[in-house]
Amino acid sequence: MKKLVLLFSVSLCLTTFAAEPSIPKPLNTTCPITGKAVNPAITFIYEDQTFAFADEASRQKFEADRAASIYQKLGGKAALDAAVELFYVKVLADKRVNHYFADISMAKQKRKQKEFLSAALGGPNPYVGKDLRTAHADLDGLNDSHFDAIAEHLQATLQELKVDSTLIAQAMAIVGSTRDAVLNRPVKH
Ligand code: HEM
């Protein structure tokens, strides 16, 4: 009987050990820095995602880029997600612009905006959604006043979340740089 209990305990230990969560495998097969095939042994974990790189120098650059990013300084994914939620509360309450969103799935829109802003502000994942020209091409009468209203709400959101004013200015400069694309103006050379 003693032997049986011992055997049971050992097998229980082994099962527990086997079930221990391991480091997640990287999803990317192309190095985000060089575009070359990755070496799966060279990885870096950021916000619970494992990224793989072609070489050690790329891993170090990726890590340094993250540390220097506006995205990280803002507080990363949690902060960006919260900001976009609050931003759309303001947008949908604003008669100057809310008619544009009348037939839009706001769950999808929030997800896409989170993805876009995260990438634009230096988050770890590239933006893979529609380019901004295509996304806004069918919005009738879209002009500077609408763009300014949207930018105003983003700025007010970041201020309300007590983001440092220098950081807000940096984020708004990046958002401002999308104006010509959003308003479908010719590309300046
Ligand atoms: C401030 C700069 C802006 C940024 C960075 C931005 C970003 C985006 C992004 C990432 C999408 C989703 C693209 C996709 O489908 O993959 C989108 C869609 C959309 N945006 Fe903007 N946007 C901006 C300005 C505006 C303005 C000024 C308006 C109107 C007042 C607007 C209204 C919309 C609408 C209605 C859609 C959904 C289009 C559709 O699904 O058919 N956006 N925008």
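## A tour of the predicted chain

Begin with the whole chain in cartoon view, where the elements run α-β-β-α-α-α-α-α-α-α-α from the N terminus on; that makes 9 helices and 2 strands, where helices (H or I, at least four residues) and strands (E, at least two) are DSSP runs numbered from the N terminus. The model is a predicted one, in which local features need pLDDT of at least 70 and side-chain atom pairs count only at pLDDT 80 or more, while totals for chains, interfaces and linings use all residues. For your selections, residues are numbered from 1 along each chain as its sequence is written.

Select strand 1 (39–46) and strand 2 (residues 49–53), which pair in the antiparallel sense over 5 bridges, pairing being assigned if DSSP finds at least two bridges between two strands. Threonine 43 stands opposite alanine 52 in strand 2, and in the hairpin, which has 2 residues between the strands, glutamate 47 takes a positive phi near 45°.

Next, pick proline 32, in the loop between helix 1 (2–19) and strand 1. Proline 32 counts as buried because 20 other C-beta atoms lie within 10 Å; the classes are buried at 20 or more other C-beta atoms within 10 Å of a residue's own, exposed at 12 or fewer, and partly exposed in between, with C-beta atoms placed from the backbone. Leaving aside neighbours within four places in sequence, proline 32 is in contact with Phe51 and Phe62, a contact meaning that the C-beta atoms, placed from the backbone, lie within 7 Å. A distance label between the C-alpha atoms of proline 32 and alanine 54, 22 residues apart along the chain, should read 8.7 Å.

Now select Ala83, Val84, Phe87, Val91, Val97, Phe116, Leu117, Leu154, Leu158 and Ala171, the 10 residues of the largest nonpolar core, a core being a set of buried Ala, Val, Leu, Ile, Met, Phe, Trp, Tyr and Cys residues joined through C-beta atoms within 7 Å. Helix 4 (76–92), helix 5 and helix 7 each supply at least two of these residues, and the largest share, 4 residues, comes from helix 4. Apart from this core lies another, of 5 residues, including Cys31, Val38, Phe51 and Ala52.

Move on to leucine 121, in the loop between helix 5 and helix 6, which is partly exposed because 19 other C-beta atoms lie within 10 Å. Leaving aside neighbours within four places in sequence, leucine 121 is in contact with Ser69, Ile70, Tyr71, Leu74, Ala171 and Ile174. The C-alpha atoms of leucine 121 and isoleucine 174 are 7.5 Å apart, although the two are separated by 53 residues along the chain.

Then show the ligand, which 22 residues surround, the closest being Lys112, Phe116, Gly129, Lys130 and Ala135; a residue is counted here if its C-beta atom, placed from the backbone, lies within 6 Å. Helix 5 (106–120), helix 6 (132–136) and helix 7 (144–160) are the elements that give two or more residues to this shell, whose members divide into 14 nonpolar, 6 polar and 2 charged.

Finish at histidine 136, in helix 6, where UniProt, in an unreviewed entry, places the feature "binding site"; such annotations may be inferred rather than shown by experiment. Histidine 136 counts as partly exposed because it has 18 C-beta neighbours inside 10 Å. Beyond neighbours within four places in sequence, histidine 136 is in contact with Leu142, Val182 and Asn184.

Technical notes
Nonpolar A, V, L, I, M, F, W, Y, C, P; charged D, E, K, R; others polar. Contact = placed C-beta atoms within 7 Å.
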